Amino acid sequence: MSKYIDHVQLAPQFQRAIRIDLDWGNVGALKGYLCQGSAAQAVRTIVMHLLERRQSAFTLTGPYGGGKSSLALVLASLLGGEVGVRRAAKEVLGDGLVNDIAKPLRVPTNGSAAKLWHVVLVAGRREDPITSIAKALASSGIPYVTKRLGERPDATRVLKVLSDLSEQPEVAGLFLVIDELGKMLEHAASFGGDIHFFQELAEIASRSHGRFLFLGILHQAFEMYGARLGHEARVEWGKIQGRFADIPLVAGVDEVIELTGRAIASQKKHPKSKKLAQLVADCITQNRPASAKDLPEKLDACWPLHPVTAALLGPVSKRRFGQNERSTFAFLGSGEPEGFLDFLKNVDDGAQLTYEPARYWDYLCSNLEPTILVSPDGHRWAQASEAVSRCEGRGSSLHVRLIKSIAIIDLFRNGSGLNASQNLLLACLADSTEADVDAALKDLLEWSVVIYRSHLKAYGVFEGSDFDIAAAVQRQLNESHGLDVVRLSTLVAMQPILPKRHYHESGALRWFESQLATIESLPALVKSSNAAPGLAGRFVLVIPNDQLSEKTRRAKCREASSIRADFPLAIGLPSNADTLRSLGREFVALESLSVQHPELMGDSVARKEVVARTAAVSGKLEEELLVARSNAEWFVNGESLRIGGAHDLHTLASNLCEAQFAQCPPIFSELVNRENISSNAQAAVNALLVACVTNDRYAAAGITNYSAERGLYETVFAATGLHQSLDDVFGFHRPRAGDLSAAFEPVWAAADALLANHKEIVKLTDIYRVWKAAPFGLTGGVMPLIGLAYIMSNRASMAMYLDDVYQPDITDVFAHEIARDPKIVALRRVIGTAEQSKLLRALSETLFARTRETVAPEPLALGRALVKFYLNLPPWTRRTQKLSVGATKLKSTLHAAADPPKLVLVDLPSLAGSGEPKKIAKFLGETLDELGNAYSNELEQTRTQFLGALGVVKGREATLKQRAAVVQGITGDLRLEALATRLASDGMTLKAFEDIVGLAVNRPARELTDLDFDRATMAVADLALQFRHAEMLAAVRNRKPSRLAIGVVVGTGESGQTTMRSIDVGNDEMEPVQEMADEVYSLVERYGSDMRLALAALATVGVKLIDKLPESKP
Amino acid sequence: MRSYAPRSNNETAEDLVEPVLAELGLISHLKGNEYTFRIGPKRNLPDGVLLFALSRYWNGLESGANTLSLDMLAFERGALGLVFKMDIDSLAERLMNIEQSSQGAYGWSETAGLKQIVRIQRNIDPFQFLGAAYVAPVNRRN
């Protein structure tokens, strides 16, 4: 499949524009030129002016691509070219025209002796006209011209040279052409160049009796270039234009078609298209009888442009779509999407498709819609475009092509001779049958997308809207004077300014707000501290009202900028304030239209137009604001800065940030180094915090996978050196000079200072506040992480609190709270540096008094000694609950102690509830004593009970040895034997008793728990009973059976209170015994069957009786 | 879409600042779900970035031609005009000074009315231009 581009090309001469100075003397550049009627007419008009009004200064005005430059070049060639060039020029102009102008213009003959004109060709650019003309003169080849000009010619000199040259007798005159004169005028309008130069130029030309011919080429009227200037200046420009005769050069409709046909060169025959061209030509001739006779051929030459499209090109090229005028040839030659070249490149030629009007609509729609909408055709375009989109919603592709064709013809038919009649529409859709098109048209009528205008016998786009936006805006503008800057600043989205270099170097995401303000509101604005989080500063662009003088404006801005503000501030005075004001007024007016005109609600066409206009104005406004920001004079701290471009503003922002946050440590994590972090990032922060408190002794805080928290760990902790391995142990360390972490030294120091200045606890949020402020400017996102690093690295010297409760250890709960609610997290440096050495000495003495070991007054040594003391305590002491609150806490602290210095400097003072060394030492002394003596006290208490149970009277413990000797070897009970042996050899020392306790429960006493000890107490009481029992048995052993020996052991009431006595009763005494027993028994029986009560009663009686009985000999 | 036309939020501009693409100003938000390309001069686009993109585009072309027409740069897929949403006039205005801004790597040619960019140096590394986008001194005056 071949594409059109393979055999359809644009003739080369149409692809290029003439550049007047470079194409001078180039015969080829002349040959492609076609001198059409309109051009010939323009030349004749010039000559007429010259003859009749002695006017020698002309401007040639016409749309882009109208052949103005070419005409000027041809004229210049005719007057001053080489022989060959002159001949070519004559050829393209045609004999008729040349003959008419030969005499008045003194056109050189073909002979070599002919007097030529000096020709000076200037290609205008945005610079001073004097410089441009001087340059062109210097390169014109006129003899000695550089000498005449001298160095640095000024206006007077240039004019003099021009005038002198024109009067030289050996030439016919001087022809000066300035192409793109408009650019020079624009330059003059923006930079205040001297426009009066042109006035003098015109005057010299007019006084030269036709020897100095000036031709300036323009696209629009002189004063239009000065539209940005004030009213008075425009009047002045108008006067200057009056010195020139303005010759319009606009190609006629048929001329454009002819040129188009010549521009499109097809190597393939297209016989079928002829019929279509004829059809369209008939339609045109019907409406415009004066059309050229060969119109069908001309239209057909434009193939593969559809004849209707070809006929539309001329009218469209005369429209002014804002600044984007498109000449016919720009359209043909440009590769814009949907454009002609795009069509040639992408469409297969086999399908016999043409570039039909519907395609042309698409081209305009996708490339130029925004500019058309704000042009004078905007309203009609909006209606047409609305009709097309309504049709796209419900119709087939035929409907859509049809409505697009109708829309574009209806929009641009004026002067073309086209109208959207039935026949023409059939021609537009030549591949469809008449019946289909008729049916589709009927549908369109029915949908109210098109209407039939019977007076034109043509279809047109349904006019859905009669809202006149321009008038409404004008009314709005007339009602309000001045600009509501406050309103405007809420409507315009001013791009915030990112201090990029600072971001790049510190990783901290900050931004500067840009604001609009009036001069009057400045002081209040500067003082207001109402700022969004993360805001680094403000750029305030002032739109002054036009009554203040430049000097006053500057003074006021300077003054306001020197007021001390909470954060960096720059006040800018834009150089384009007038433009901003007028655009701003228009924008505010447009924005309030929908409020003022409720009828817009039901008018989608008008709404589309309003939206488009608003978008266009806001686009322009944003563009101007960008310009304003970069061109403004900025005031910072009362100093004036001039910066050179939009991105320099970012540099200024970075400079301000660096001045403000000079000690901001670099943290390169876009996840967290910002004010508001995402919920995913928050989850990672939480996970990392927990990992850090539980696994801080491990590499990467024990995170082995590559999760988000691992990424955070690497960027925030590892890369900064906050968590690293020192002496082969990982952990959080305080930043040190000469290390990665050095940048954090000031950050730590600031928090240290805050803690040192407060005796009471300091909330984490207070530390955050210091870090957030200058010169650090840490962002909200990194606070929890840096906060934790600070806490972890200072564990040894600071006490941590949650909700005012002391936390001996940093747990995951604590980590959670750091992230969740830093308000309740607090720190305290318990011991000030001044008290520290005092405390250490006092503690060292206290320990010495207890252990008789000399301990160096250093945190580490003291901590170790304390831990050692704890480890030397009997296991029971370590386990027991029977201690005072202080002792219990100290015990558990010592038990958990992993960090000796922290134990001494943080935990001890916190337990003592005091920061005073004396009180801490006293607390420690008392508690150590309690701990050290707890076991022996407990043992002693049990021994006292044991002795009581054995019936040992205080002070007579020595008798126990003899009693044990009696018991020894008679019981056969191992434990009792052991007890007796022990007592017999050692007596009841505490050491011996400890063994006895161990004996009682079969475990070493030191290792007993509180529960074991209770059991042991019971067991030794039992042992004591057994002992006494054995003792009694020993007393009755080996007696003669002559008497009845009775041993009685009675125990009542209190534990171990037993009474024992052995008695002997002779056989003869047995009778009363038996009688008494019977009587007692019957007494017992009367009381019931509960033998327990009976025994208790007997025991009670027994104890009484024994007490009464005189002691027998042992 | 949000990276080009970020949601503006009254509380913080962080979302507005972060997407670097937003700063190019390619797309603006109209109303509701309607967005529009913002075609225009792009004055805050640094020359360095423009030249970087030009060099990448050019180096990626198959043809080794040392000239590139303005039309092509404005309208071809992947070329400056479509990428940065610049109209042909604004693009021309920017490229006219290309010889200065590229320090002689490229040139602007308008011979015979055909506007084109000429590659003057051989083996152009796109990265050689990026640095220029970062250096911008602020001049103090008073």
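## A salt bridge within helix α14

In this predicted model, Glu258(A) and Arg262(A) both belong to helix α14 (residues 253-263) of chain A, where they stand 4 residues apart, about one turn of the helix. The two residues form a salt bridge whose closest N and O atoms are 3.8 Å apart. Glu258(A) is partly exposed, at 23% relative accessible area, and Arg262(A) is likewise partly exposed, at 46%.

This pair belongs to a network of salt bridges that links Glu258(A), Arg262(A), Asp294(A) and Lys298(A).

## Other salt bridges

Over all chains, the count of salt bridges comes to 38. One of them joins Glu356(A) to Arg401(A), with the closest N and O atoms 2.9 Å apart. Glu356(A) is found in the loop between α19 (340-346) and α20 (357-373) of chain A, while Arg401(A) is in helix α22 (residues 397-412), so the pair ties together parts that are 45 residues apart in sequence. Glu356(A) counts as buried because its relative accessibility is 10%, under the limit of 20%.

A further salt bridge is formed by the side chains of Glu916(A) and Lys919(A), at 3.9 Å from N to O. Glu916(A) is partly exposed, with a relative accessible area of 44%, and for Lys919(A), also partly exposed, the value is 48%.

## The surroundings of Ala842(A)

Ala842(A) is located in helix α39 (residues 833-851) of chain A. With a relative accessibility of 17%, Ala842(A) counts as buried.

Apart from neighbours within four places in sequence, Ala842(A) is in contact with Pro917(A) and Ala921(A). The C-alpha atoms of Ala842(A) and Lys918(A) are separated by 6.9 Å, although these residues are 76 residues apart along the chain.

Terms used. Residues are numbered from 1 along each chain as its sequence is written. Chains are lettered from A and ligands numbered from 1 in the order in which they are written. This is a predicted model: local features need pLDDT of at least 70, side-chain atom pairs count only at pLDDT 80 or more; totals for chains, interfaces and linings use all residues. Side-chain values use heavy atoms; hydrogens and water are left out. Helices (H or I, at least four residues) and strands (E, at least two) are DSSP runs, numbered from the N terminus. Buried means under 20% relative accessible area, exposed over 50%, partly exposed in between (1.4 Å probe, protein chains only). Contact means heavy atoms within 4.5 Å. A salt bridge is a side-chain nitrogen of Lys or Arg within 4 Å of a carboxyl oxygen of Asp or Glu.
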